[in-house]
Amino acid sequence: MDSFTPLTAAIGGTLIGLAAALLWLGNGRIAGIAGIFGNLLPASRNALWRLVFLVCLVLGTFAASRLLPGLGGGEPIRLVEAPADWSIPTPVWLAAAGLLTGLGTRIGNGCTSGHGVCGLARLSVRSLVAVAVFFVVAILTVTITGIV
């Protein structure tokens with residue numbers, strides 16, 4: 001985590017909040033990435049704005065990394081190394097983590113961006129509970145796996 005600075009976190013948080021506010025004001029939609037992505041397929045009449053939002057999310061990240069290379073610390077870094085004694089290959093852990101994250105967003109009817117950014121800003125009790133569950137599970141995961 002050599003590249004973390006409060007400045008990059010503040011700029012990133014501001015841009016995420018701005019994007020969420022623009023989507024809500026312009027389209028009346030909550031900017032939950034899991035919901036936007038999850039409801040993209042099968043294609044529906046609401047697919048176009050979802051696709052545009054996700055494409056702009058990726059393009060904006062790419063453009064920021066090229067235009068402001070020093071802001072995010074340059075090239076992506078590997079944040080966490082898997083312990084050497086792990087017998088399960090890292091891709092298997094990543095696939096399991098992705099599946100569990102997807103399952104959690106379905107059960108919680110949203111993800112960190114939907115509940116954490118938009119839901120808490122709307123003072124939603126359901127989002128407060130969801131974010132609390134996210135944090136507890138993250139702490140347990142880090143504690144159990146020994147990562148960090």
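Leu-123 lies in the loop between α5 and α6. In this predicted model, its phi is positive, at about 60°, although Leu-123 is not a glycine. The residue is exposed, with a relative accessible area of 75%. Asn-109 is another residue other than glycine with a positive phi, here near 55°. Its place is the loop between α4 (90-107) and α5 (112-121). At 55% relative accessibility, Asn-109 counts as exposed.

The loops join elements of a helical protein. The secondary structure comes to 6 helices and 0 strands. Read from the N terminus, the order of elements is α-α-α-α-α-α. The protein has 148 residues, and buried residues make up 16% of them.

Helix α6 follows the loop that holds Leu-123. This helix covers residues 125-145, 21 residues in total. From its first C-alpha to its last, α6 reaches 30 Å, close to the 30 Å expected at 1.5 Å a residue. Three of its residues, Ser-127, Ala-130 and Val-131, are buried. These three lie on the same side of α6, because they cover an arc of only 100° around the axis. The face turned away from this buried side has another set of residues. Val-125, Leu-128, Ile-139, Thr-143 and Ile-144 are found there, and they are exposed.

A nonpolar patch is found on the surface at the other end of the chain. The patch is formed by Leu-7, Ile-11, Leu-15, Leu-18 and Leu-22. Together these residues have about 470 Å² of accessible area. One of them, Leu-18, is found in helix α1, which spans residues 6-27. Leu-18 is partly exposed, with a relative accessible area of 46%. This value falls between the limits of 20% for buried and 50% for exposed, so Leu-18 belongs to neither class.

Helices α2 and α3 supply two buried residues. Ile-36 sits in helix α2, residues 33-38. Its relative accessible area is 1%, and Ile-36 is therefore buried under the 20% cut-off. Ile-36 and Arg-50 are 14 residues apart along the chain. Their C-alpha atoms are separated by 5.6 Å. Ala-47 belongs to helix α3, residues 47-67. With a relative accessible area of 14%, Ala-47 is also buried. Ala-47 and Phe-37 are 10 residues apart along the chain, and 9.4 Å separates their C-alpha atoms.

The cysteines were examined for disulfides. A disulfide requires a pair of cysteine sulfur atoms within 2.5 Å. By this rule the count is 0. Cys-111 is in no disulfide, and the nearest cysteine sulfur, that of Cys-118, is 8.9 Å away. That distance is over the 2.5 Å limit, so the two sulfurs do not form a pair under this rule. Cys-111 counts as buried, at 10% relative accessibility. Cys-56, in contrast, is partly exposed, with a relative accessible area of 48%.

Definitions and conventions. Residues numbered from 1 in each chain as written. Predicted model: local features only at pLDDT ≥ 70, side-chain atom pairs only at ≥ 80, totals over all residues. Heavy atoms only, no water. Patch = residues over 30% accessible without salt bridge, like charges linked within 9 Å, V, L, I, M, F, W, Y side chains within 5 Å. Areas by Shrake-Rupley, 256 points an atom, 1.4 Å probe, with all protein chains shown as cover. Salt bridge = Lys/Arg side-chain N within 4 Å of Asp/Glu carboxyl O. Helix = DSSP H or I, 4+ residues; strand = E, 2+ residues; numbered from the N terminus. Buried < 20%, exposed > 50% of the residue type's maximum accessible area, 1.4 Å probe, protein only. Expected span 1.5 Å × (residues − 1). Arc of directions from axis to C-beta.
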